[in-house]
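Here's a friendly walk through one protein model and the ligand that comes with it. Have a look at the structure, and then we'll go through a few spots together.

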Amino acid sequence: MNSTYPDSAEQLLRTLPTGLRIGGQSVPSITGAAFDVTDPATERTLTSVADATVDDALRAVETAHSAASVWAATPTRERSDILRRSYEILVERTDEFAMLMTLELGRALPDSLAEARYGADFLRWFAEEATRINGRVTTSPGGTGQIVVAHEPLGVCLAITPWNFPLAMGTRKIGPALAAGNVMIVKPASETPLTMLALADVLTEAGLPAGVLSVLPTSNAGGVTGAILSDSRVRKVSFTGSTRVGQILLRQAAERVQRTSMELGGNAPFLVFDDADVDAAVEGAFAAKMRNGGEACTAANRFLVHSTIAEEFTTKLTEKMAALRLGAGYDAGVTLGPLISADQRASVAGIVESALASGARLRLGGKIPDGEGFFYPPTVLDQVDAYAPATREEVFGPVAIISTFQTENEAVAAANSTEYGLAAYFYSRDIDRCKRVATALRAGMVGVNRGIISDVAAPFGGVKMSGIGREGGSEGISDYLDSKYIALT
Ligand code: ADP
């Protein structure tokens, strides 16, 4: 697929910040090294960014540590105002951020516009939360005095973000960390560092003091983050990414007993009961599957549909998937962009092949198009056994895998038969069933007759191997605060 960049993209590429962000400045790496950022639609280099080394990481910790006490003592109203101004600047630059994300991540522009708004909204939400960090005072039941509970920032925090939501996964961590009075070092995914560097510029423009936020793109993720976590001045790591890397970070954080927030993998079931509104379920299924081109940890990964409505559901979902237009995300009219990388595409293709090998039927797609770019077509597979190996893996691509069930118990058992527990969805018009199934599903988030559940005001997070901690809502800020009990007479 041959694409030329729109004028707005050319302009952006000329003006992007590409240095490390340390001490409020854009600086080269100590060694002068840089690495390339690739456009997944053309496989060509977009630009290159400074490549942080372990020494750069230590410099960032030093700078962060020296900014920490002043920021912690900054009135919450001032912290709030800076976050609010950042939100306003981001909103003004929605189109620019959307284009930037599409360039480095590949996905279709409408999805990037949605993230630009969603990502900005975390800054607004946590600007509001900043001034509502309330403690409490109670009298000891034994009459021995007063219990005063105050909340204090942790200090230097490390955030490690993934490529699939390069803005929102940053603001969801930076917003609460800074609102609560912490300073933060962000290590963005090496596939998508540009959005985070541009975001750091926005925060500086909004008045954030130097050193409060550092950004370290690197091709040596393990080395750089390992060095940061081995410094005992660093008190927390917040990570969004794979369970495998989350486990490595949990082990590292154990050394210095650092706080952790882990948003890890998912394997979301999407159940459609025979009393569901099938058209609404198809709409919800399409949204839950195809948001971000399927590259979301909350994406519906396995559809479990009552056998009596399975054919109607599958036919309608297939029609919607077939109507997607595959192409470079920045081309007009495109609704499905490429995947992030050749590896990611090979993983998606492997899952489809595994399903077909175990007897699935191909209803749509399944064939990698010729030409440049990491494209994979919208694909629908049905007649998949609910426990087939293909249902055990996180697809992270535009592939709908459909199984059937006969009874509610069978559906819930299949839905829960995974080590993950991030999101789960179901459709039913029976209120008793809705209450029963919402309770029975083992997931941190359950969508009832809804395909999109992410909301800045809601606690996002998983159970089991999907993670620890919550982001967003009022819960999101408590993950960045320590409680201090002060005993008074
Ligand atoms: P994905 O498979 O979606 O790329 P990863 O968990 O590999 O998910 O990546 C998520 C983030 O974790 C990225 O910023 C990546 O650079 C970073 N990362 C990868 N390996 C490590 C590691 N060993 N230690 C710390 N961060 C890592």
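In which strand is lysine 464 found? The answer is strand β20. Before going further, keep in mind that this is a predicted model.

Lysine 464 is a handy place to begin. Its phi is near 50°, which is a positive value in a residue other than glycine. As for cover, lysine 464 has a relative accessible area of 31%, so it counts as partly exposed, since the partly exposed class runs from 20% to 50%.

Another residue with a positive phi is asparagine 292, where the angle is near 65°, and this one isn't glycine either. You'll find asparagine 292 in the loop between α10 (278-290) and β13 (300-306). Its relative accessible area is 2%, so asparagine 292 is buried.

**Around the ligand**

Now for the ligand, which sits in the largest pocket. Three elements each give two or more residues to the shell around it: α8 (221-229), β10 (234-240) and α9 (243-255). Which of the elements gives the most to that shell? It's α8, with 3 residues.

There are 15 residues around the ligand, and Thr161, Trp163, Lys187, Thr225 and Ser242 come nearest. Sorted by class, the shell is made up of 8 nonpolar, 6 polar and 1 charged residues.

Some of these neighbours place a polar atom close to an oxygen atom of the ligand, and the table lists the distances.

| Residue | Atom on the protein side | Distance to an oxygen atom of the ligand |
|---|---|---|
| Threonine 161 | polar backbone atom | 2.7 Å |
| Tryptophan 163 | N or O atom in the side chain | 3.1 Å |
| Lysine 187 | polar side-chain atom | 2.6 Å |

So how much of the ligand does the protein bury? Taken alone, the ligand exposes 550 Å², and the protein buries 77% of that.

**A few buried residues elsewhere**

Let's leave the ligand and look at some other spots. Serine 454 is in the loop between β19 (445-448) and β20 (463-464). Is serine 454 buried or exposed? With 16% relative accessibility, serine 454 counts as buried, because the buried class covers anything under 20%. The side chain of serine 454 also has a partner: it makes a polar contact with the side chain of arginine 291, at 3.3 Å.

Next up is threonine 314, which lies in helix α11 (residues 310-322). Its relative accessibility is 1%, so threonine 314 counts as buried. What does a polar atom of its side chain lie 2.7 Å from? That would be the backbone oxygen of alanine 310.

Last on the tour is aspartate 111, placed in helix α5 (residues 109-130). At 19% relative accessibility, aspartate 111 counts as buried, because the cut-off is under 20%. Aspartate 111 also shows how parts of the chain that are separated in sequence can meet up in the fold: glycine 329 is 218 residues away in sequence, yet the two are 9.1 Å apart in space, C-alpha to C-alpha.

Key:
Residues are numbered from 1 along each chain as its sequence is written. This is a predicted model: local features need pLDDT of at least 70, side-chain atom pairs count only at pLDDT 80 or more; totals for chains, interfaces and linings use all residues. Side-chain values use heavy atoms; hydrogens and water are left out. A residue is near a molecule or strand if one of its heavy atoms lies within 4 Å of it. A polar contact is a pair of N or O atoms within 3.5 Å; within protein, one must be able to donate a hydrogen and the other to accept it, and residues adjacent in sequence count only if both atoms are side-chain atoms. Accessible areas come from the Shrake-Rupley method with a 1.4 Å probe; for residues, only the protein chains shown count as cover. On a 1 Å grid over the protein atoms alone, a cavity is a set of points where a 1.4 Å probe fits but cannot get out, and a pocket is an open set with protein on both sides within 12 Å along at least five of seven lines; lining residues have an atom within 4 Å of a point. A molecule sits in a cavity or pocket if more than half of its atoms lie within 2 Å of its grid points. Helices (H or I, at least four residues) and strands (E, at least two) are DSSP runs, numbered from the N terminus. Ala, Val, Leu, Ile, Met, Phe, Trp, Tyr, Cys and Pro count as nonpolar, Asp, Glu, Lys and Arg as charged, and the others, Gly among them, as polar. Buried means under 20% relative accessible area, exposed over 50%, partly exposed in between (1.4 Å probe, protein chains only).
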